[in-house]
Structure formats: structure tokens, C-alpha cells
Amino acid sequence: MATIGTRTVINFTIAENKRYKNRQGVQQDKVTYIECAYWRDADAEKTKVSEYLKKGTRVLVDGEPDVRVFTKQDGTTVGQLKINVNRIEIQSALGISPK
């Protein structure tokens with residue numbers, strides 16, 4: 001979490017897990033990592049959500065996707081998906097029951 005002027009940004013990564021069977025019938029797992037930025041006024045109540053964003057916490061995010069394309073040091077071009085989060089809902093957390 002960082003504060004810039006009167007605004008606070010909470011940066012976090014979500015993982016989307018997909019389990020499927022390939023053509024040979026072997027179960028495969030694919031994980032896609034998505035960077036998220038949640039900007040809010042620097043208010044203690046609004047930034048309290050950062051306490052619940054731990055590995056294993058299920059979240060629902062709503063926001064605007066942003067794709068950034070850049071060249072790595074080895075010369076390969078890659079894209080990165082980022083969501084500028086407008087709304088976040090904690091679905092469940094390890095040892096915490098959502099209200």
C-alpha cells in the first residue's frame with residue numbers, strides 16, 4: 001500500500017486457476033496471474049481491505065482492464081494484464097468469515 005497525496009493505492013495480484021483435461025485426457029492446471037491496483041482516498045476505513053488480502057483469500061474484483069506491452073531485457077515482447085479496480089468484495093479468507 002502506498003499513499004500519493006490524498007490517494008492510497010493497494011497493489012495486489014490475483015490468481016485465476018483453471019483445471020481442464022487435455023486431448024489425451026490428462027488433467028492439466030493453468031494459472032493466470034493478474035495484477036490489480038485499487039485506488040482510494042487515504043481513509044483508514046477504505047484501506048482496511050488490505051488487511052484481508054492475503055494468499056488464499058477469495059476475492060471478486062470489478063474494474064477496468066489495462067494491457068501493458070513491454071520488452072524484456074532478453075528482447076522478448078510480453079504483455080501484462082492489469083485491472084484498475086473499482087470495487088472489491090472479499091469472498092472468503094483463511095480463518096475469516098465474510099460479513
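What is the volume of the largest pocket? I looked that up before anything else, and the largest pocket comes to about 470 Å³.

**Ground rules**

I am working from a predicted model, where local features need pLDDT of at least 70, side-chain atom pairs count only at pLDDT 80 or more, and totals for chains, interfaces and linings use all residues. Residues are numbered from 1 along each chain as its sequence is written, and side-chain values use heavy atoms, with hydrogens and water left out.

**The pocket**

I noted how a pocket is found: on a 1 Å grid over the protein atoms alone, with a 1.4 Å probe, it is an open set of points with protein on both sides within 12 Å along at least five of seven lines. Lining residues have an atom within 4 Å of a point. The volume is the space filled by probe spheres set on the points, which are joined across faces, edges and corners.

I found 15 residues lining the largest pocket, and the closest to its centre are T13, I14, A15, T57 and R58. Strands β2 (7–21) and β4 (58–71) each supply at least two residues of that lining. The largest share, six residues, comes from β2.

I then sorted the lining by chemistry: six residues are nonpolar, five polar and four charged. Here Ala, Val, Leu, Ile, Met, Phe, Trp, Tyr, Cys and Pro count as nonpolar, Asp, Glu, Lys and Arg as charged, and the others, Gly among them, as polar.

**The chain as a whole**

I counted one helix and five strands, in the order β-β-β-α-β-β from the N terminus. Both kinds of element are DSSP runs numbered from the N terminus: helices are H or I with at least four residues, strands are E with at least two.

Buried residues make up 17% of the 99 residues in the chain. Buried means under 20% relative accessible area, exposed over 50%, and partly exposed in between (1.4 Å probe, protein chains only).

Of the contacts (heavy atoms within 4.5 Å) with a separation of 6 or more, 54% join residues 24 or more positions apart.

**Four residues, one at a time**

Is V49 buried or exposed? V49 counts as buried because its relative accessibility is 13%. I placed V49 in the loop between α1 (44–47) and β4. Setting aside neighbours within four places in sequence, V49 is in contact with I10, Y38, I88 and I90. The C-alpha atoms of V49 and I10 are 8.9 Å apart, though 39 residues separate them along the chain.

V67, in strand β4, is exposed, because its relative accessible area is 56%. Not counting residues up to four places away in sequence, V67 touches Q80 and L81. I also checked V67 against K82: 15 residues apart in sequence, and 6.1 Å C-alpha to C-alpha.

Q91 lies in strand β5 (residues 77–92) and counts as partly exposed, at 35% relative accessibility. Its C-alpha is 5.1 Å from that of V59, 32 residues away along the chain.

D41 is in strand β3 (residues 27–41) and is partly exposed too, at 39%. From D41 to G5 I read 9.2 Å, C-alpha to C-alpha, across 36 residues of sequence.

**A charge and a ring**

I finished with K18, whose charged end sits over the ring of Y20, 5.8 Å from its centre. The rule asks for NZ of Lys or CZ of Arg within 6 Å of the ring centre and within 35 degrees of the ring normal.
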